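Reader: Hey, could you walk me through this one? I'm new to reading structures.

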Amino acid sequence: MKIIVPMAGLGKRMRPHTLTTPKPLLPIAGRPIVMRLVEDIVRICGQKVEEIAFVIHPSFGEKTEKNLLQVAESLGSKGKIYYQEEPLGTAHAILCAGDSLQGNVVVAFADTLFKADFQLDTTKDGIIWVQKIDDPRQFGVVKLNEQGEIIEFVEKPQTFVSDLAIIGIYYFKDGAYLKKHLQYLLDNNIKDKGEYQLTNALENMKNEGTKFSTGQVLEWLDCGNKDVTVYTNQRYLSFLEERKAPLRAKSAQIENSVIIEPCFIDADVKISNSVVGPYVSVGRGTHIQNSVVRNCIIQENSHLENLNLHNSMIGNSVKWVAQPLNVSVGDFNQIS
């Protein structure tokens with residue numbers, strides 16, 4: 001089994017955080033998004049994952065490449081790095097990892113996380129994970145027959161075709177066969193909305209006899225912008241709490257403070273005279289003092305003091321010291 005993770009996008013909707021850190025390396029519950037994603041895929045595979053391949057933009061740099069290889073190694077797999085220099089579409093992104101398109105392959109785009117309780121059925125020709133949504137116009141969608149088999153793939157339909165959106169996770173029994181159909185799109189310059197789309201390759205494979213089934217997850221979580229990423233952090237902390245996963249490092253120091261679970265508190269964090277939680281992730285080496293923090297992601301080595309934060313995302317090495325109020329308020333005032 002191999003996993004391919006296309007993640008070459010520059011994450012413009014997540015700025016300013018992605019000016020210094022590629023979006024898939026931003027933290028969810030204290031670990032990079034891409035690490036959480038591949039951990040969950042390895043969990044459902046039910047077999048050894050021999051290789052995890054990452055398709056990145058060359059500008060991500062040596063440090064990012066090293067971090068990604070460590071992610072693969074931590075899961076007992078060999079890591080490989082491929083490059084996509086131009087945003088030419090989903091089919092092109094996967095084909096950039098062409099040398100890894102062999103045998104059983106899971107393709108997972110690195111801006112989505114999920115909750116699932118199933119084991120992957122590797123006897124299927126292909127599985128496309130979908131979720132019913134209210135507005136499918138920004139997604140690829142599938143149409144099903146009465147037997148539940150996929151009969152049509154449509155990329156970002158502007159008129160209603162189906163409300164079953166493809167969430168960005170796919171299984172292919174034969175990676176080499178997928179590669180053949182991806183290459184066909186490029187060789188014949190077959191584009192949809194200006195890009196080489198995976199859905200076109202899937203449609204061609206279906207027409208040649210590949211039977212695609214749909215997969216369902218219990219919950220689908222997005223990491224496309226700040227607000228949805230903070231929400232994803234909230235839900236993922238709840239998942240980890242259900243699994244009874246450890247969420248607080250032994251070296252964390254909590255002084256005269258209240259922690260409202262679930263929260264992730266990493267190593268060498270110091271929290272004093274504060275209320276933190278619920279749904280807060282605090283990165284390694286961060287100090288929080290005289291503050292109230294709830295539903296937030298706070299990254300590493302930051303110093304926060306005299307703050308009241310909610311639904312916020314704070315980067316690495318931030319120093320933010322606010323001035324406490326010194327006021328005189330008379331009777332019957334209403335302040336909001």
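**Gln197 and the rest of the chain**

Author: Let's begin with one residue: leaving aside residues up to four places away in sequence, Gln197 touches Thr90, Ala91, Glu155, Leu185 and Asp192. Keep in mind that this is a predicted model.

Reader: OK, where does Gln197 lie?

Author: Gln197 is in the loop between helix 4 (175–187) and helix 5 (198–207).

Reader: And is Gln197 buried or exposed?

Author: Buried. Its relative accessible area is 5%, and the cut-off for buried is under 20%, so Gln197 counts as buried.

Reader: Which side chain does the side chain of Gln197 make a polar contact with?

Author: That would be Thr90, and the distance between the two side chains is 3.5 Å.

Reader: Cool. Zooming out, how many helices and strands does the protein chain have?

Author: The chain has six helices and 24 strands. Its C-alpha trace spans about 75 × 45 × 35 Å along the principal axes.

Reader: What radius of gyration would a compact globule have with 336 residues?

Author: Near 20 Å, and the chain here has 22 Å, which agrees. Buried residues account for 51% of the 336 residues. Also, if you take contacts between residues at least 6 apart in sequence, 56% of them join residues at least 24 apart.

Reader: What about the surface?

Author: The accessible surface comes to about 16400 Å², and 46% of that belongs to carbon and sulfur atoms. There's a nonpolar patch on it too, about 270 Å², made by Val258, Ile260, Val275 and Val292.

Reader: Where is Ile260 found?

Author: In the loop between strand 15 (258–259) and strand 16 (263–265). Ile260 is partly exposed, at 36% relative accessible area.

Reader: Switching topic: how many salt bridges does the structure hold?

Author: Ten. As background, side chains of opposite charge can pair when their charged atoms come close.

Reader: Can you show me some?

Author: Sure. Arg36 pairs with Glu39, with the closest N and O atoms 3.5 Å apart. Both residues sit in helix 1 (residues 33–45), three residues apart, which is about one turn of the helix. Arg36 and Glu39 are both buried.

Reader: And a pair that links distant parts of the chain?

Author: Take Glu242 and Lys115, whose closest N and O atoms are 2.9 Å apart. Glu242 is in helix 6 (residues 226–242) and Lys115 is in strand 7, so to speak a link across 127 residues. Glu242 counts as exposed, at 51% relative accessibility.

Reader: Which residue does Asp227 form a salt bridge with?

Author: Lys226, and there the closest N and O atoms are 2.7 Å apart. Asp227 is partly exposed at 41% relative accessible area, and Lys226 is partly exposed at 31%. Elsewhere, salt bridges that share partners join Asp40, Arg43 and Arg243 into one network.

Reader: One last residue: what's up with Ala110?

Author: Ala110 is in the loop between strand 6 (105–108) and strand 7 (112–115). Its relative accessibility is 3%, so Ala110 counts as buried.

Reader: Which residues does Ala110 touch?

Author: Not counting residues up to four places away in sequence, Ala110 touches Val5, Pro6, Met7, Pro24, Ile33, Val34 and Leu37. You can also compare Ala110 with Val55: they are 55 residues apart in sequence, and their C-alpha atoms are 9.9 Å apart in space.

Notes: Residues numbered from 1 in each chain as written. Predicted model: local features only at pLDDT ≥ 70, side-chain atom pairs only at ≥ 80, totals over all residues. Heavy atoms only, no water. Patch = residues over 30% accessible without salt bridge, like charges linked within 9 Å, V, L, I, M, F, W, Y side chains within 5 Å. Areas by Shrake-Rupley, 256 points an atom, 1.4 Å probe, with all protein chains shown as cover. Salt bridge = Lys/Arg side-chain N within 4 Å of Asp/Glu carboxyl O. Helix = DSSP H or I, 4+ residues; strand = E, 2+ residues; numbered from the N terminus. Buried < 20%, exposed > 50% of the residue type's maximum accessible area, 1.4 Å probe, protein only. Polar contact = N/O pair within 3.5 Å; in protein donor to acceptor, adjacent residues only side chain to side chain. Contact = heavy atoms within 4.5 Å. Rg over C-alpha atoms; globule rule 2.2 N^0.38 Å.
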